[in-house]
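Visitor: I am new to this structure and would love a close look at a single part of it. Could you pick one helix and walk me through its surroundings?

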Amino acid sequence: MTEKTPKTLPDLTADWPAEPGNDELARLGNDLFAGRAQLPQIALDRVQVRMRQAMQRRARVRAWRRWGIALLLCVAALVVALQLIGPGRRPTGAPDALVREKFTVDTPPASTAPPDKPVIDVESYKDLFGGQTAPGKSP
Amino acid sequence: MRDDARRDRIEALFRDYSRGIGNYVFARVGDPELAEAITSRVFLIVVKSIEQCKASPVAWLWSIVRSELARHFRDRKSHVEIDESVPDPATEPSEQAAQHEMAMRTKAALARLSEEHQKLVYMKFFHGMANKEIAAALGLTPSNVGVLIHRILKQLRVYLEPAASLEGQA
């Protein structure tokens, strides 16, 4: 069902050039659009309902997105904090210095001079060290 | 924009402009269900893109309405148009026929106007805006608007003649 609502147009003829048919033109304008069929109010109500549903959906999506970003930032902050204060991390400071240690060792005095004569008479046993040994002879 | 400020702004636009938009779309497409669907799409775009509405809300809304109507007419070319409007049972059959004929002629006449003139018709005759408000929205002077309205009505008078309206519907 269409609704018809008469409507007076504000300042319709303002600034019109002066022409003979202006009255008829003004009447046409007012009749035409005051008498036009209008979209029923119930249709506009349904449009408003759909619009509000779209706004609610959008607000929910934005809320989820904000929570997601907040959670991501918390996790990132936690990871950074653990990196800074974690157990395997050494305190930062000056780089390791090269350590030189010197120890003075007192050595005993030199021992007695070696004997002039060898302890063992090697000449009497030279057969043991030769290329051939006499048969039947034991070392 | 905060959610509540956003919601308030959209509701204000709906309150102020939905009737004018719905009636204009209805006048252009001639079918109340189709007009409702297109008006819904307009306001769904408003919900999605309200941040783009900077200076003149009526000019911004017009750009959306124009775009959605263009989309409708472009898609409609591949379909046969069937007039499914239901006559008002409270009116006499002869009155119904006269109303229907006038609606069809208005629809054809509006379609023949240039885009600039359609915008002025939309603002003046469907939103009931004063010349000064239209001038502010479009960057014109009130005097320019008055002269343009005069010119548009002269054109519409020609297009609404029965013979001329048949040409427009062909």
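Guide: Here is a walk along one helix of chain A and on to the helices that meet it.

Please keep in mind that this is a predicted model. Let us begin with the chain that holds our helix. Chain A has 3 helices and 0 strands, so its pattern along the sequence reads α-α-α. Of the 139 residues in chain A, 15% are buried. The chain exposes about 12200 Å², and 60% of that comes from carbon and sulfur atoms.

Now to the helix itself. Helix α1 of chain A runs over residues 22–34, which gives it 13 residues. From its first C-alpha to its last it reaches 18 Å, close to the 18 Å expected at 1.5 Å a residue.

Which residues of α1(A) are buried? They are Asn22(A), Leu25(A), Ala26(A), Gly29(A), Leu32(A), Phe33(A) and Ala34(A). Part of their cover comes from chain B: it includes α4 (93–112), α5 (115–126) and α7 (142–159) of that chain.

Let us take α7(B) from that group. Two packed helices are described by the angle between their axes and the distance between the axes. For α1(A) and α7(B), the angle is about 75° and the axes lie 10 Å apart. The two helices are therefore roughly perpendicular to each other, because angles from 65 to 115 degrees are counted that way. On the α1(A) side, the residues that meet α7(B) are Asn22(A), Glu24(A), Leu25(A), Leu28(A), Gly29(A), Leu32(A) and Phe33(A). Facing them in α7(B) are His150(B), Leu153(B), Lys154(B), Leu156(B) and Arg157(B). The residues of this contact divide into 6 nonpolar, 3 polar and 3 charged.

Within chain B, α7(B) also packs with α5(B), another helix that helps cover α1(A). The axes of α5(B) and α7(B) come within 10 Å and cross at roughly 105°. That makes this pair roughly perpendicular too. From α5(B), the residues in the contact are His117(B), Leu120(B), Val121(B), Lys124(B) and Phe125(B). They meet Val145(B), Leu148(B), Ile149(B), Ile152(B), Leu153(B) and Gln155(B) in α7(B). Here the residues divide into 8 nonpolar, 2 polar and 1 charged.

One residue is worth pausing on: Leu153(B) of α7(B) takes part in the contact with α1(A) and also in the contact with α5(B).

How values were computed: Residues numbered from 1 in each chain as written. Chains lettered and ligands numbered in written order. Predicted model: local features only at pLDDT ≥ 70, side-chain atom pairs only at ≥ 80, totals over all residues. Heavy atoms only, no water. Helix = DSSP H or I, 4+ residues; strand = E, 2+ residues; numbered from the N terminus. Expected span 1.5 Å × (residues − 1). Buried < 20%, exposed > 50% of the residue type's maximum accessible area, 1.4 Å probe, protein only. Contact = heavy atoms within 4.5 Å. Areas by Shrake-Rupley, 256 points an atom, 1.4 Å probe, with all protein chains shown as cover. Axes fitted to C-alpha atoms, helices over the stretch in contact; angles between N-to-C directions. Parallel < 35°, antiparallel > 145°, perpendicular 65-115°, else oblique. Nonpolar A, V, L, I, M, F, W, Y, C, P; charged D, E, K, R; others polar.
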